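Please walk me through the main local features of this protein model, taking the surface before the strands and sheets.

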Amino acid sequence: MKRALEEQYGGEEELPHTNPGLNMNPLKFTKYSNAYMLVYIRESDKEKIVCDLEETDINEDLKTRLRKEDEDKENKKKEKAEAHMFTTFKVARDHDLAAQIGRDLFFDLVDYEKIHPIRVLKDMPFNQVKEEFSKEFGIPVHSQRFWWWSKRQNNTYRPTRPLTQQEESYTVGQLKDAAIRMNSSELRLYLEVVQENHLTLASRTKDDILLFFKLYDPEKEELRYVGNLLLKASSKPSDIVPKLNEIAGFQHDEDIELYEEIKFEPNIMCEPVDCDVSFSLNQIADGDILCYQKRCSLDQHRHPNVSSFFEYVHNRQVVHFRLLEKPKQDDFSLELSKRSTYDDVVEKVAQHLGMDDPSKLRLTQHIPHLQQPKHQYIKYRSIDHLSDMLLLRNPNQMSDILYYEILDIPLPELQGLITLRVAFHQATPNEVLFHIIRLPKGSTYSDLIDDLKSKVQLSRSDAELRLFQVNNNKIWKVYLPTEKIDAVHDPNVPLHVEEIPEVEKSAGPRDRLVHVVHFFKDNQHIQYYGVPFFFLIREGEALSDIKVRIQKKFEVPDEQFLKWKFAYVAYNRPDYLQDSDIVLSRFQQKNIYGPWEQSLGLEHSDMPTKRANQNRHSFEKPVKIYN
């Protein structure tokens, strides 16, 4: 309702302070949603509708809403004016630990971001806060012991010591200042409910330690918080086994294992506890966490102990897999481990897809800021673990998307081959056929020609083929049959192959094979498009004769062809030709950079930019794709 009624009219909104006690300017953001309703009124009803409004005309629900809006506005105004008088703090109780552990978090004890802040006057005595807690939660004041939290060197966050009697006499504002001096951004406390035999703060000695306990069930793979115990550091873990069994609901003599949860970043550290030596010799102190479970054999369950379960939780990763052909939509998701090897990942994917051979899968990484796959796929076993597959350039960020392809041959075998996308331009009919050709590495273009001849229909059995690459709609390079394919300019760009026309074989010594490009003008700048081609121009041949042959080549109707303009193009500048011009005379100029900078240009002046790829007669041939 708030979004519908209040957030659809633009303007600015202030974000509420998370720390009202701090002297900070309010954070504002612009609301970009705008919704308007245009109401039409019949002219004959104008006097009845556009008239003075009486209070009785207003719907009662609307009046209630308006009154509430006024009250909220006044409350916000008052709250803002009094913000400097208030502060907030957070208190975690066992109830919060039990609600979060095993659900929202598994490591440490509590996520304070999910603890509701308490707002009080800065000058409220903390003892008064304890009385309020007693009323709200039914915990006697003398049973309340509050603990400071601190961040340890290993980046865990644990209760470190109780508030002293002097600190409990402070106001909340003074405690907040003390927390800030301890490098905490806010006042965070843990409330221990003191047992009957430890009712006063004075009864706590240096030998007393407060420990927290989690219970792990390897059969259900569940972890839960079961409480805390105030123990003697000189006692042994074996002394509390009956108590732990009672808490867990086990038989009193159940054989259990204890582990100390030490840290979880960057790696899990959860070590068995020696139950026959004291807590102090185990280096266990205030705020430490002990996890326990029934003893079981290592092959009995998937995660037979707390350590292996923590490893699983810490490293589990849901990965969304997408078909490379459909890069915008998830196909399926799998829960994997960040430590899964390359073989583990493809095996799980193959299993999900019902494939017998995981080596026929090829994976590609994701580029989050572009929301598309990388150009280069993951080579067979070239990346050790799933975490490396998902890792971004920023080492603190990970993607959760991978793309997959199903190959017709195993990836290791495919990587030993050169895969080329070949566009074969048929002489007749006027079509382009696309073929995927694989050849052993080290093959030459002559090998490619031999392979292609077995797949296409030639106009003559002895036809010779020409191979060239197109870049930015211009002929980039012509390949010789003896060249090795490894030297191809860009394997992602199709290699163009065409029959060499018979007319070229009868070319005279002064005839010349030129490149012909298609272009149109966009704001007086040349824009190339389409597929360029080779064309033999005879010595002394006028443009009028060349136009006849080009029109015949493309089978362009007269009405369309009359709109074409012909130009000599060098340095992306067109020099327009007349029908009487001897075309080759333009191509005799020297000192032109590179052999392909001179070309005959066909300008399609009636070609709007968005339709540049739709006019077949201008340059396109029908396309067929063969895999």
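In this predicted model, a nonpolar patch on the surface is formed by M37, V39, I41, I49 and V50, which together have about 530 Å² of accessible area. One of these residues, V39, is found in the loop between β2 (27-30) and α2 (46-49). V39 has a relative accessible area of 59% and therefore counts as exposed, the cut-off for that term being over 50%.

Turning to the sheets, strands of a sheet pair through backbone hydrogen bonds, in either a parallel or an antiparallel arrangement. Five strands here form an open sheet with mixed pairing, in the order β4-β3-β7-β5-β6. Because β4 (118-121) and β6 (157-162) stand at the edges and each has a single partner strand, one side of each is left without a neighbour in the sheet. From one strand to the next, the twist averages 45 degrees. At the β4 edge, strand β3 (residues 86-92) pairs with β4 in the antiparallel sense over four bridges, and within this pairing T88 has R119 in β4 as its bridge partner.

Further along the chain, strand β24 (residues 512-522) and β25 run antiparallel and are joined by ten bridges. The hairpin that β24 and β25 form has two residues between the strands, and N523 takes a positive phi near 55 degrees there. D522 stands opposite H525 in β25. As for how much of β25 is covered, ten of the 13 residues in this strand (residues 525-537) are buried, a term that refers to under 20% relative accessible area, and the strand is accordingly described as mostly covered.

Key: Residues are numbered from 1 along each chain as its sequence is written. This is a predicted model: local features need pLDDT of at least 70, side-chain atom pairs count only at pLDDT 80 or more; totals for chains, interfaces and linings use all residues. Side-chain values use heavy atoms; hydrogens and water are left out. Buried means under 20% relative accessible area, exposed over 50%, partly exposed in between (1.4 Å probe, protein chains only). Two strands pair if DSSP finds at least two bridges between them. Axes are lines fitted to C-alpha atoms, for helices over the stretch in contact, and angles run from 0 to 180 degrees between N-to-C directions. Patches are made of residues with over 30% relative accessible area and no salt bridge: like charges are joined within 9 Å, nonpolar side chains (Val, Leu, Ile, Met, Phe, Trp, Tyr) within 5 Å. Accessible areas come from the Shrake-Rupley method with a 1.4 Å probe; for residues, only the protein chains shown count as cover. A salt bridge is a side-chain nitrogen of Lys or Arg within 4 Å of a carboxyl oxygen of Asp or Glu.
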